[in-house]
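Trainee: Before we rely on the labels used for this model, could we go through them one at a time and ask what each of them rests on?

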Amino acid sequence: MEISGIISAIVIGIVIGVLGRLVVPGRQRIGILWTILIGIVAALVGAAIAGALGVADTKGVDWIEWFIQIALAAVGVAALDRAKTTHR
């Protein structure tokens, strides 16, 4: 992966992580770095799932891929928040 691909993954991860965090109701007790990491993982996994389903490259905006990525980020944020809450 080239440096531009890594930077793109980080930027997309930030956006996906923040959108995923906004979807989860209530206050989340995880930091911004965790949000970004969850977003990056959700973006990569969501792109792979969308590719497997054949909806990754469509004409215009890939809404289904975005939905998958944001949903995965929301699940990741909620799961990490719950894990951190139960350990306190």
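Mentor: Let us begin with Ile-12, which has its place in helix H1, and keep in mind that the model is a predicted one.

Trainee: What makes Ile-12 count as partly exposed?

Mentor: Its relative accessibility is 38%, and since buried means under 20% and exposed over 50%, Ile-12 falls in between and therefore counts as partly exposed. Along the chain, Ile-12 and Leu-22 are 10 residues apart, and their C-alpha atoms are 15 Å apart in space.

Trainee: Why is H1 called roughly perpendicular to H2?

Mentor: The two helices, H1 and H2, pack at an angle of about 105°, with their axes 7 Å apart. Because angles of 65 to 115 degrees count as roughly perpendicular, that angle makes H1 roughly perpendicular to H2. On the H1 side the residues that meet H2 include Ile-12, Gly-13 and Ile-16, and among those they meet in H2 are Ile-36, Gly-39 and Ala-43.

Trainee: Which residues of H2 are buried, and what do they pack against?

Mentor: The buried residues of H2 include Ile-36, Gly-39 and Ala-43, as well as Gly-46 and Ala-50, and the buried residues of this helix pack against H1 and H3. After H2 comes Gly-54, whose phi is positive, near 80°.

Trainee: How do you know that the length of H3 agrees with its number of residues?

Mentor: H3 has 24 residues, which at 1.5 Å a residue should span 34 Å, and because its end C-alpha atoms are 34 Å apart, the two values agree. Among the buried residues of H3 are Glu-65, Ile-68, Val-77 and Asp-81, and what covers the buried residues of H3 includes H1 and H2.

Trainee: Thr-85 lies in H3 as well; what makes Thr-85 partly exposed?

Mentor: The relative accessible area of Thr-85 is 40%, and as the partly exposed class lies between the limits of 20% and 50%, Thr-85 is therefore partly exposed. Although Thr-85 and Arg-29 are 56 residues apart in sequence, their C-alpha atoms are 7.6 Å apart in space.

Trainee: How do you know that Asp-62 has no salt bridge?

Mentor: A salt bridge needs a side-chain nitrogen of Lys or Arg within 4 Å of a carboxyl oxygen of Asp or Glu, whereas the nearest side chain of opposite charge to Asp-62, that of Lys-59, is 12 Å away. Asp-62 is nevertheless buried, and its place is in the loop between H2 and H3. Leaving out residues up to four places away in sequence, Asp-62 touches Val-55, Ala-56 and Asp-57.

Key
Residues are numbered from 1 along each chain as its sequence is written. This is a predicted model: local features need pLDDT of at least 70, side-chain atom pairs count only at pLDDT 80 or more; totals for chains, interfaces and linings use all residues. Side-chain values use heavy atoms; hydrogens and water are left out. Helices (H or I, at least four residues) and strands (E, at least two) are DSSP runs, numbered from the N terminus. Buried means under 20% relative accessible area, exposed over 50%, partly exposed in between (1.4 Å probe, protein chains only). Lys and Arg count as positive and Asp and Glu as negative; His and the chain ends are not counted. Contact means heavy atoms within 4.5 Å. The expected span of a helix is 1.5 Å times one less than its number of residues. Axes are lines fitted to C-alpha atoms, for helices over the stretch in contact, and angles run from 0 to 180 degrees between N-to-C directions. Angles under 35 degrees count as roughly parallel, over 145 as roughly antiparallel, 65 to 115 as roughly perpendicular and the rest as oblique.
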